[in-house]
Amino acid sequence: MNPARLDRAFAVLGYLANHHDGRSVKHLSDDLGLPMSSTHDLLQALLELGAVRLVGQRSYALGPRSIGLALSIVDSVKLRQVARPYLIELCEEVNENTYLAVRSGDEVVYADRYEASQLLSVVIQLGGGRPLHASAVGKLIAAFDPELQSATLTAPRLEPLTPYTLTNREFLREEYVAIQSRAYSVSDGESVEGIIGLATPIMDANGAVVAAVHISAPRGRLSPDRCPVVLTQMLRTGARISRQLGAPAEAMPQPDLDEVIALEEKRRKEKSVH
């Protein structure tokens, strides 16, 4: 590749790294001092490579390949290294694909994955983003971040990924409050029909939720009887990782199995009302 074109590509990616909500071709062209036509052509090439992605119809943001690369060289590497043995252990315990999810701008991305031996499993692309209203990890991160929660609830549109996605703002607000109370999140067909997603928090030394333990599986494998068992193990895993990050003990939720069973019965009952 022409070195000058490669340099422009790095300039575009660096610019988008500081503008998480995306920028139009005109913004990129004006701010970087590049011709409109060559900026457009470069963005199309990066789009095909997955290095950038479309936001709406006219804006561009970092894509999964760029985020995946960044995850391997930025500070999140430390979190991945700390979390790795605990996520592997959880994967072996529950025999389901296990993920580490972190915040990236106004989305949540998957930073690490450990695959189980199931013949049928949910494989999620690393670096791929999930919205804050339509996924277990997204709802969890937003629930514990007032700024993100407010931005989501006041967004111009909440895209329905499935017929079960929470697009009613009042119901979504209630969901965030419930997630804060029980300290875990469930997505039942809200992101992908027939798939249940579970997410539990990972906290830093300040007691802030900085990441999540995540498991997704077909609904048939996460039955009402099995879900509390898996969630209890996930909560324990999240607490163990949080301890390694210096989180205060009082900040880490650790309900026992009986408590999670009761919480799940309450959640299913409230969901049936909606």
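A charge counts as sitting over a ring if NZ of Lys or CZ of Arg is within 6 Å of the ring centre and within 35 degrees of the ring normal. In this predicted model, Arg182 fits that description: Arg182 lies over the face of Tyr184, at 5.3 Å from the ring centre. As for rings meeting rings, searching the whole structure turns up one aromatic pair. Such a pair of aromatic rings is described by the distance of the centres and the angle of the planes.

Now for how the helices pack, starting with helix α1. This helix covers residues 3-17, and its axis comes within 11 Å of the axis of helix α3, residues 36-49. The two axes cross at roughly 75°, and angles of 65 to 115 degrees count as roughly perpendicular, so α1 and α3 are roughly perpendicular to each other. On the α1 side, the residues that meet α3 are Arg5, Arg8, Ala9, Val12 and Leu13. Their partners in α3 are Asp41, Leu42, Leu43, Ala45 and Leu46. Sorted by class, this contact has seven nonpolar residues, three charged ones and no polar ones.

Helix α1 also packs against helix α2, which is made of residues 25-32. Here the angle is about 110° and the axes are 11 Å apart. That angle makes α1 and α2 roughly perpendicular to each other, too, and their crossing is right-handed. From α1 come Ala11, Val12, Tyr15 and Leu16, and these meet His27, Leu28, Asp31 and Leu32 in α2. Six residues of this contact are nonpolar, one is polar and one is charged. Val12 is worth a second look: it turns up in the list of α1 residues meeting α3 and again in the list of those meeting α2.

Further along the chain, helix α7 (residues 146-153) packs with helix α8 (residues 169-182). Their axes come within 10 Å and cross at roughly 160°. An angle over 145 degrees counts as roughly antiparallel, which is why α7 is described as roughly antiparallel to α8. The crossing of α7 and α8 is right-handed. Gln149, Thr152 and Leu153 make the contact from α7, while α8 brings in Arg169, Leu172, Arg173, Tyr176 and Gln180. This contact is a mix of classes, with three nonpolar, three polar and two charged residues. Helix α8 runs over residues 169-182, which brings the story back to Arg182, the residue lying over the face of Tyr184.

Terms used:
Residues numbered from 1 in each chain as written. Predicted model: local features only at pLDDT ≥ 70, side-chain atom pairs only at ≥ 80, totals over all residues. Heavy atoms only, no water. Phe/Tyr/Trp six-rings, centres within 6.5 Å; stacked < 30°, edge-to-face > 60°. Axes fitted to C-alpha atoms, helices over the stretch in contact; angles between N-to-C directions. Helix = DSSP H or I, 4+ residues; strand = E, 2+ residues; numbered from the N terminus. Parallel < 35°, antiparallel > 145°, perpendicular 65-115°, else oblique. Left-handed = near helix turned anticlockwise from the far one by under 90°. Contact = heavy atoms within 4.5 Å. Nonpolar A, V, L, I, M, F, W, Y, C, P; charged D, E, K, R; others polar.
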